[in-house]
Amino acid sequence: MISATRPVPGREHELAIAAKGLVGGLAGTAVRLAVVGGAASLTLPGDPGTTVVDGPDFPPEFRPIALACNEQFEVVRGSDDVDWVYLSPPAMLEPGVRTGQYRLGRDELLVDDDGASYLSMEDFAVALVDEVERPRYRQSRFTVGY
């Protein structure tokens, strides 16, 4: 099962509610849950004590959805009786070209040599489907980027 939703502004709290329903409904089953979440809980490169949302350059207008994604992640991460994986995107995720190429990471925001963190939506979808078809991460989070 893949959960990839984003609530409208003002209803960000629904992410955690939906996550609770998903993990509750799948508890004790053999159904794998893949959740597309946010990047806010990733740590900044070279600063493992600071998350993306707490970084100095984080745009304040994205804080509500970022904090809601963090809450969603905590709900999913707290479920030890569900086979889950949580995919955190890079800082910039926009339409582009599907190359089929990307790098994998765990809990730190992936950046290129210039410090940019990005991926096309097309390659993000490839990474998600790759994980669903050939699981590498179980009860953990991973992230992707160029």
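## From an exposed loop into the sheet

Setting aside neighbours within four places in sequence, R98 touches E122, D123 and V126. That is where we'll start our walk through this structure, which is a predicted model. R98 sits in the loop that links strand 6 to strand 7. With a relative accessibility of 62%, R98 counts as exposed, because the bar for that label is over 50%. In sequence R98 and D123 are 25 residues apart, yet their C-alpha atoms are 5.2 Å apart in space.

D123 takes us into helix 3, which covers residues 121-133. The helix has 13 residues, and at 1.5 Å a residue these should span 18 Å; the end C-alpha atoms are indeed 18 Å apart, so the two agree. Its buried residues are D123, F124, V126, A127, L128 and E131. Two of the contacts of R98, D123 and V126, are thus on the buried list of helix 3. An α-helix has 3.6 residues a turn, so residues three or four places apart point the same way. What do the buried residues of helix 3 pack against? They meet strand 1, strand 2, strand 5, strand 6 (92-94), strand 8 (118-120) and strand 9.

Several of those strands belong to the sheet, so let's go there next. Five strands make up an open sheet with mixed pairing, in the order 1-2-5-9-7. Strand 1 (2-3) and strand 7 are the edges: each has a single partner strand, so one side of each has no neighbour in the sheet. In general, strands of a sheet pair through backbone hydrogen bonds, and they do it either parallel or antiparallel.

Start at the strand 1 edge. Strand 1 pairs with strand 2 in the parallel sense, over two bridges. I2 stands opposite A34 of strand 2, and S3 has V35 as its bridge partner in that strand. Strand 2 is mostly covered, with five of its five residues buried. R32, A34 and V36 point one way, L33 and V35 point the other, and all are buried. That fits the general pattern, in which the side chains of a regular strand alternate between the two faces of the sheet.

Further along the order we reach strand 9, residues 140-145. On one side, strand 5 (residues 83-88) pairs with strand 9 in the parallel sense over four bridges, and F142 is the bridge partner of L87. Strand 7 (residues 103-105) joins strand 9 through three bridges, and this pair runs antiparallel. Here the partner of R103 is G145. Strand 9 is mostly covered too: six of its six residues are buried. S140, F142 and V144 point one way, while R141, T143 and G145 point the other, and again all are buried.

How buried is T143? Its relative accessible area is 0%, so T143 falls well within the buried class. A polar atom of the T143 side chain lies 2.7 Å from the backbone oxygen of S88. Beyond four places in sequence, the contacts of T143 include L42, L87, S88, P89, P90, R103, L104, G105 and R106. Among these are L87 of the strand 5 pairing and R103 of the strand 7 pairing.

The neighbours of T143 in the strand have their own stories. F142 forms a stacked aromatic pair with Y137, at 4.6 Å centre to centre and with 5° between the planes. Y137 and F142 are both buried. R141, meanwhile, lies over the face of F73, at 4.3 Å from the ring centre.

F73 is one of the buried residues of helix 2, a helix of residues 63-77. Helix 2 has 15 residues and reaches 21 Å from its first C-alpha to its last, close to the 21 Å expected at 1.5 Å a residue. The other residues on its buried list include I65, A66, A68, C69, N70, Q72, V75 and V76. Where does the cover for the buried residues of helix 2 come from? It includes helix 1 (14-26), strand 2 (32-36), strand 5 and strand 9.

Past helix 2, in the loop that leads to strand 5, we find D80. Its relative accessibility is 66%, so D80 counts as exposed. Compare its position with D112: the two are 32 residues apart in sequence and 34 Å apart in space, C-alpha to C-alpha.

Definitions and conventions: Residues are numbered from 1 along each chain as its sequence is written. This is a predicted model: local features need pLDDT of at least 70, side-chain atom pairs count only at pLDDT 80 or more; totals for chains, interfaces and linings use all residues. Side-chain values use heavy atoms; hydrogens and water are left out. Rings of Phe, Tyr and Trp (its six-membered ring) pair if their centres lie within 6.5 Å; planes under 30 degrees apart count as stacked, over 60 as edge-to-face and the rest as tilted. Buried means under 20% relative accessible area, exposed over 50%, partly exposed in between (1.4 Å probe, protein chains only). A charge sits over a ring if NZ of Lys or CZ of Arg is within 6 Å of the ring centre and within 35 degrees of the ring normal. A polar contact is a pair of N or O atoms within 3.5 Å; within protein, one must be able to donate a hydrogen and the other to accept it, and residues adjacent in sequence count only if both atoms are side-chain atoms. Contact means heavy atoms within 4.5 Å. Two strands pair if DSSP finds at least two bridges between them. The expected span of a helix is 1.5 Å times one less than its number of residues.
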